[in-house]
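Q: I have a structure open and want to go through it with you. Can we take it topic by topic?

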Number of protein chains: 2
Amino acid sequence: MIDPHRFEADYLLETAQDPRRTAEAIAGEQSSGTFVPVPGETPELKQRAAARIDALELLAAVDRPSLPGARASAGDAIRQARMTLSWPIDNIGPSLPNLMATVAGNLFELNQLSGLRILDIRLPRAFADAYSGPKFGVPGTRDLTGVHERPLIGTIVKPSVGFGPAETAALTATLCEAGIDFIKDDELQSDGPGCPFDGRVRAVMDVINRDADRTGKKVMFAFNLTGDLDQMRRRHDVVLECGGTCVMAGINSVGMVGMIELARHTQLPIHAHRNGWGYLTRHPLLGWSYVAWQKLWRLAGADHMHVNGLGSKFFEDDESVVASARACLTPMFDDKPCVCLPVFSSGQTVRQAPGTYAGLGSVDLLVTAGGGIVAHPDGPAAGVAAMRQAYEAAVAGVPLDQFARDHKPLARALENRAS
Amino acid sequence: MIDPHRFEADYLLETAQDPRRTAEAIAGEQSSGTFVPVPGETPELKQRAAARIDALELLAAVDRPSLPGARASAGDAIRQARMTLSWPIDNIGPSLPNLMATVAGNLFELNQLSGLRILDIRLPRAFADAYSGPKFGVPGTRDLTGVHERPLIGTIVKPSVGFGPAETAALTATLCEAGIDFIKDDELQSDGPGCPFDGRVRAVMDVINRDADRTGKKVMFAFNLTGDLDQMRRRHDVVLECGGTCVMAGINSVGMVGMIELARHTQLPIHAHRNGWGYLTRHPLLGWSYVAWQKLWRLAGADHMHVNGLGSKFFEDDESVVASARACLTPMFDDKPCVCLPVFSSGQTVRQAPGTYAGLGSVDLLVTAGGGIVAHPDGPAAGVAAMRQAYEAAVAGVPLDQFARDHKPLARALENRAS
């Protein structure tokens with residue numbers, strides 16, 4: 001149970017110095033530490049605001065420093081440790097931008113360290129009152145799409161850039177006919193002169209609204225409105241006015257204040273894209289774990305968050321993907337869970353369904369597949385059907401090849417390497 | 001000369017695969033590439049939006065992959081290369097958030113790569129029209145502080161947190177009497193209940209305004225207003241109303257949209273703090289070079305930007321610090337230079353002055369020293385005088401110990417390890 005007056009962060013650190021003294025240096029740097037005595041400071045005053053080392057667990061020694069630039073003498077043992085720090089909430093108040101400066105400020109640059117990674121954060125209830133969290137999340141997204149008790153099946157408009165509004169709408173028509181639940185813009189496509197946002201929304205929603213009139217089920221299209229704040233607000237209003245049901249923003253492009261302000265304005269779910277995430281996480285002894293990172297953005301208002309996918313074209317291993325996705329479904333506060341929908345993407349096909357379901361333990365997920373759907377030998381409708389069937393098999397605990405015996409779209413997908 | 005219709009980015013990449021094919025994969029991922037043929041795509045349409053490889057220079061082979069998770073076979077040579085890509089501006093329009101998604105989106109995660117770092121970017125003139133750039137920069141900061149033809153000498157309120165408004169004002173009074181040019185909040189101090197922003201501004205500006213009435217020179221205090229957007233705007237207005245001359249924001253805390261919106265509102269210079277920068281840059285084969293990064297924030301409106309300091313407590317080497325600082329003073333566009341004031345900090349004393357001046361080749365800099373000023377054996381006034389004298393010596397090309405013979409504050413500082 002977290003102290004309601006403090007916030008906490010877990011780190012993996014690496015140092016050639018004494019780990020306890022290094023932990024103390026970090027705690028000092030990120031709170032009331034000073035390198036030389038300063039006029040006016042007193043022990044009481046420093047204590048009031050000090051960061052506290054709540055845990056420090058030594059891990060294995062390593063042969064060589066993970067990151068360059070650390071101060072070490074020849075022969076120093078390099079140790080890794082797991083550390084938990086906590087701070088008084090009164091240092092910052094319940095403010096996400098100031099939380100970032102405190103848990104992830106200058107500390108990564110300290111030359112006592114040859115590695116530092118933030119693994120998790122825990123926030124007191126005051127943060128739940130200060131930010132909206134996801135306004136739609138899993139239930140709101142299910143209501144808007146009419147998809148219940150199974151994963152949402154989605155795809156991405158490709159090529160990323162190059163299509164104009166008419167070509168995007170034509171592809172959307174094909175995908176609607178195929179029975180898709182969700183379509184998203186590529187993160188590279190927002191409002192360039194080559195494919196203006198308003199024109200794209202009007203052309204696409206014309207297709208989707210007509211399809212919804214016919215089928216009674218409205219395909220959710222996440223329009224990428226990433227841009228300056230006034231642009232994002234105006235673009236959101238265009239989507240809303242045209243009957244659209246989702247907007248998308250790149251969290252590393254707009255940043256925390258952009259996300260907070262967007263979420264204060266929206267009346268639609270926010271599909272949060274994490275492109276750029278690689279530079280924040282790829283080195284295992286630097287930066288952010290998604291388990292920590294995604295909490296910040298959920299609290300700010302993200303309804304859907306990307307987690308890569310099993311067996312993707314990216315560097316990330318499956319264990320990490322599953323941990324990220326499970327984190328998205330793990331409540332943040334007892335009375336305000338802020339759960340968001342995890343989005344699996346990148347090279348997703350029917351083959352990943354059993355592992356994805358087994359790892360997540362839930363059908364509360366959105367899988368977006370490109371080639372995995374449109375390259376089905378019998379066309380996109382069969383591609384969508386095959387993906388649904390793959391998850392039916394996963395939920396039933398039946399191996400795909402066995403389930404495929406009386407599910408032809410799945411059988412045909414399994415015959416084909418690309419789908 | 002950059003093509004006015006394209007933007008460019010330089011990268012350092014590392015791969016165990018064929019570097020040319022890897023470069024093509026990156027260019028495809030970040031523009032019109034698709035992994036399988038998609039309905040509606042044509043060669044013309046893909047070509048219109050494609051990223052182009054403008055340069056690819058092979059560098060040395062390396063023994064082991066810099067980052068884990070790359071796809072390689074045993075015995076594959078691992079090569080580094082320097083690559084320049086360019087994109088049509090029509091893909092995104094002159095939009096900073098969408099620029100980030102394009103030059104620094106999913107590419108860092110690709111498993112063809114065991115390293116990718118963005119080294120520089122070059123933007124066409126359209127970006128200069130879309131964003132304000134620094135409204136004050138070097139000349140505006142000099143006008144507000146009355147400091148000309150020499151570096152600005154500054155310091156930081158320490159301890160970072162723990163002081164209330166009265167204690168901060170008392171320290172400010174001491175520093176004003178000492179003849180300081182510039183004071184900044186610590187990046188951990190914004191508007192926590194322990195030191196409310198409004199109370200701090202009123203208490204501090206009361207001291208500074210009285211000092212300015214007496215001396216005719218107003219000390220610039222960078223109040224850290226980092227927070228949600230409405231908070232930042234309101235806090236800026238409080239500073240302005242109280243006669244303050246600078247506000248500070250953490251760029252990695254507020255993000256790009258936060259910075260853009262803050263800059264649209266401000267009537268005061270923005271002191272841009274880069275805390276968290278370590279997680280973006282510390283691995284040499286991952287993330288961002290500051291030469292690229294600082295351009296984004298200058299264009300968005302940063303007037304002052306942090307660059308660490310020579311011989312600092314951080315991991316960064318002096319060569320990198322100097323390159324960052326020189327970049328801040330290098331014009332971005334012929335008719336709109338967007339030059340900002342580089343801020344040297346972290347463990348700065350008189351001893352770094354000659355190297356700093358020699359590296360930068362300019363007195364257009366702000367040096368912030370904590371212990372380097374307040375721990376002077378004859379007190380803070382002597383500490384400020386010593387720092388000014390150290391830069392006078394540097395500009396005159398006279399070694400510090402020689403200059404110190406008839407400059408007592410400098411001589412006393414050199415006797416003392418901490419100052």
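Q: Which side chain does B:Asp230 meet in a salt bridge?
A: That of A:Arg264, at 4.0 Å from N to O. Keep in mind that this is a predicted model.

Q: How many salt bridges are there across the interface of chain A and chain B?
A: Five.

Q: And how many residues are in contact there, on each side?
A: 99 residues of chain A are in contact with 99 residues of chain B.

Q: What area is buried between chain A and chain B?
A: About 7,600 Å². Carbon and sulfur atoms give 57% of that area.

Q: Which residues of chain A lose the most area to chain B?
A: A:Glu109, A:Tyr279 and A:Arg282. Together they make up 12% of what that side buries.

Q: Let's stay with A:Tyr279. Which ring of chain B does the A:Tyr279 ring pair with?
A: That of B:Phe108, and this pair crosses between chains. A:Tyr279 is in helix H10 of chain A, residues 277-281. B:Phe108 is in the loop between helix H3 (96-103) and strand S4 (113-122) of chain B.

Q: Why is the pair of A:Tyr279 and B:Phe108 called edge-to-face?
A: Because the planes of the two rings are at 85°, and over 60 degrees counts as edge-to-face. The ring centres are 5.3 Å apart.

Q: Are A:Tyr279 and B:Phe108 buried or exposed?
A: Both are buried.

Q: How many aromatic pairs does the structure hold?
A: 18 over all chains.

Q: Which residues form an aromatic cluster with B:Tyr279?
A: A:Phe108, A:Trp277, A:Trp288, A:Tyr290, A:Trp293 and A:Trp297. Together with B:Tyr279 they form one cluster.

Q: Now charges over rings. What lies over the face of B:Tyr290?
A: B:Arg274, at 4.3 Å from the ring centre.

Q: And over the face of A:Phe197?
A: A:Arg235 lies there, at 5.8 Å from the ring centre.

Q: New topic: cysteines. How many disulfides does a search of the whole structure find?
A: Zero over all chains. Take A:Cys328: the nearest cysteine sulfur, that of A:Cys340, is 3.9 Å away. A disulfide needs the two sulfur atoms within 2.5 Å, so A:Cys328 is in none.

Q: How far is B:Cys195 from the nearest cysteine sulfur?
A: 14 Å, and that sulfur belongs to B:Cys242. B:Cys195 is in no disulfide either.

Q: Is A:Cys328 buried or exposed?
A: A:Cys328 is buried, with a relative accessible area of 0%. B:Cys195 is buried too, with 1%.

Q: On to the backbone. Which peptide bond of chain A is cis, with omega near 0°?
A: The one from A:Lys158 to A:Pro159. A:Pro159 sits in the loop between strand S5 (152-156) and helix H6 (165-177) of chain A.

Q: What kind of peptide bond joins B:Lys158 and B:Pro159?
A: A cis bond, with omega about 5°. B:Pro159 is in the loop between strand S5 (152-156) and helix H6 (165-177) of chain B.

Q: Why point these out?
A: Because most peptide bonds are trans. Most residues other than glycine also have a negative phi.

Q: What is phi of A:Ser346?
A: It is positive, about 85°, although A:Ser346 is not a glycine. A:Ser346 lies in the loop between strand S12 (341-344) and helix H13 (353-360) of chain A. A:Ser346 is buried, with a relative accessible area of 7%.

Q: And phi of B:Cys338?
A: Near 55°, again positive in a residue other than glycine. B:Cys338 is in the loop between helix H12 (318-328) and strand S12 (341-344) of chain B. B:Cys338 is buried at 6% relative accessible area.

Q: Last stop. Where is B:Ala393, and what does B:Ala393 touch?
A: B:Ala393 lies in helix H15 of chain B, residues 380-396. Leaving out residues up to four places away in sequence, B:Ala393 touches B:Val398, B:Leu400 and B:Phe403.

Q: Why does B:Ala393 count as buried?
A: Because its relative accessibility is 0%, and buried means under 20%.

Q: And A:Arg405, buried or exposed?
A: Exposed, at 70% relative accessibility. A:Arg405 is in the loop between helix H16 (400-403) and helix H17 (408-415) of chain A.

Methods: Residues numbered from 1 in each chain as written. Chains lettered and ligands numbered in written order. Predicted model: local features only at pLDDT ≥ 70, side-chain atom pairs only at ≥ 80, totals over all residues. Heavy atoms only, no water. Buried < 20%, exposed > 50% of the residue type's maximum accessible area, 1.4 Å probe, protein only. Helix = DSSP H or I, 4+ residues; strand = E, 2+ residues; numbered from the N terminus. Phe/Tyr/Trp six-rings, centres within 6.5 Å; stacked < 30°, edge-to-face > 60°. Lys NZ or Arg CZ within 6 Å of the ring centre and 35° of its normal. Contact = heavy atoms within 4.5 Å. Buried area = accessible area lost by both parts, 1.4 Å probe.
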